[in-house]
Number of protein chains: 2
Amino acid sequence: MPGTTTRLADFLPYRLAITSNAVSGVIASEYGDRFGLRVPEWRVMAVLGDAGRLTQRQLVRATLMDKVAVNRACKQLEERGMLARSPNAADGRSHHLALTDDGVSIHAQIWPQAFDTTERIFSCLSEAEREMLRRTLDKVFEAVADREARQSENDEA
Amino acid sequence: MPGTTTRLADFLPYRLAITSNAVSGVIASEYGDRFGLRVPEWRVMAVLGDAGRLTQRQLVRATLMDKVAVNRACKQLEERGMLARSPNAADGRSHHLALTDDGVSIHAQIWPQAFDTTERIFSCLSEAEREMLRRTLDKVFEAVADREARQSENDEA
DNA sequence: TGGGTTTCGTTTCCCATGAAACGAAGCGTC
DNA sequence: GACGCTTCGTTTCATGGGAAACGAAACCCA
């Protein structure tokens, strides 16, 4: 959008938001089309595929999603037979969640696909640039997380 | 979250999303509290404050928001007396939208506030890092935008 | 052992968002 | 100037997602 130099366009949080949005859009449509998964489900699958079996609480921590979102995603995946629950002997309130064979096989297809897509999206960046983006985002995220942690400490007091 | 090294956590689009989300959250709550504005309204105000008067269509272009979102934001701002419509002689379907005196005065308070907040959030980065981040995000955004432009060309064919 | 508190998962409710359908005005062409 | 086609804005509808309320299980401590 040449010629558009409002202050909003220069505003870093705004740029972050629209870029993230654009990227998410591409990714979501890709694996929405191929696997019928939406973002939350995809994230749960991704984590479970790596971690083996987890409770919903653990999934919340790993995905940083809301517990309701995790719950819904799990329900979806269970209905589609990609995920199964087994009793948790250590805690009767929760279950162990793990991918079924079908789930594992989908998971095995997802990563190459995801890798491929991100490769295409971020091919405009050098490896060094990507690494620096990763680090920078991390710094910012940590800063905000710390900030909020300190906030809630204050709330308690 | 030490020890959490799933592949999802290393996935760049994921990091982008959670970081953007975290930042947006801080900003939104800040000017939600002080001015009773939500993101879309804030963006519209920001652009109008810079540009003088625009139609909704122009606002869509400038903010990259959906036309429905722009419409709703304008309606809100109008109800609160921050924005006024005047007839558009050149095109009877649309109106010129501009900030009222109240709107202008809010706008004048918003930017210092916004600047301050982002300063706090991004204080963990050096000036060079911020510039780098800006450029990198821009590259990625452009890449995706181009990609989608090419997509829709193909759709037409 | 029993009452109070916390935690996990689930349900319910509400709001924000975007897609699609729509009227109204402009544009172009004949 | 009448007809279709496009564009602007608005409304309606469906969906996603989070906050809050809830039941059930676990924990705690006397």
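Here are a few notes on the contact between chains A and B and on the protein surface by DNA strand D, bearing in mind that this is a predicted model.

1. Start with the protein–protein contact. Chain A puts in 53 residues and chain B puts in 53 residues. Together they bury about 5600 Å², and carbon and sulfur atoms give 73% of that area.

2. There is a charged side to this interface too: the rule finds 8 salt bridges between chain A and chain B. One of them pairs A:Asp138 with B:Arg15, with the closest N and O atoms 3.2 Å apart. Polar contacts between the two chains come to 12 residue pairs.

3. On chain A, the elements giving two or more residues to the side that touches chain B are helices H1 (7-10), H2 (12-35), H3 (39-51), H4 (56-63), H6 (101-121) and H7 (127-156). H2(A) gives the most, with 15 residues. By type, that side of chain A splits into 31 nonpolar, 8 polar and 14 charged residues.

4. Now the DNA. Strand D is surrounded by 20 residues, with A:Gly92, B:Gln56, B:Arg57, B:Asn71 and B:Arg93 the closest. The residues of this surface divide into 4 nonpolar, 5 polar and 11 charged. Helix H5 (67-79) of chain A, plus helices H4 (56-63) and H5 (67-79) of chain B, each supply at least two of the residues.

5. What share of the strand D atoms within 4 Å of the protein belongs to sugar or phosphate? The figure is 62%, and the rest belong to bases.

6. Some phosphate details are worth a look on screen. A polar backbone atom of A:Gly92 sits 2.7 Å from a phosphate oxygen of strand D. From chain B, a side-chain N or O atom of B:Asn71 is 2.5 Å from a phosphate oxygen, and a polar side-chain atom of B:Lys75 is 2.9 Å from one.

Methods:
Residues numbered from 1 in each chain as written. Chains lettered and ligands numbered in written order. Predicted model: local features only at pLDDT ≥ 70, side-chain atom pairs only at ≥ 80, totals over all residues. Heavy atoms only, no water. Contact = heavy atoms within 4.5 Å. Buried area = accessible area lost by both parts, 1.4 Å probe. Salt bridge = Lys/Arg side-chain N within 4 Å of Asp/Glu carboxyl O. Polar contact = N/O pair within 3.5 Å; in protein donor to acceptor, adjacent residues only side chain to side chain. Helix = DSSP H or I, 4+ residues; strand = E, 2+ residues; numbered from the N terminus. Nonpolar A, V, L, I, M, F, W, Y, C, P; charged D, E, K, R; others polar. Near = heavy atom within 4 Å.
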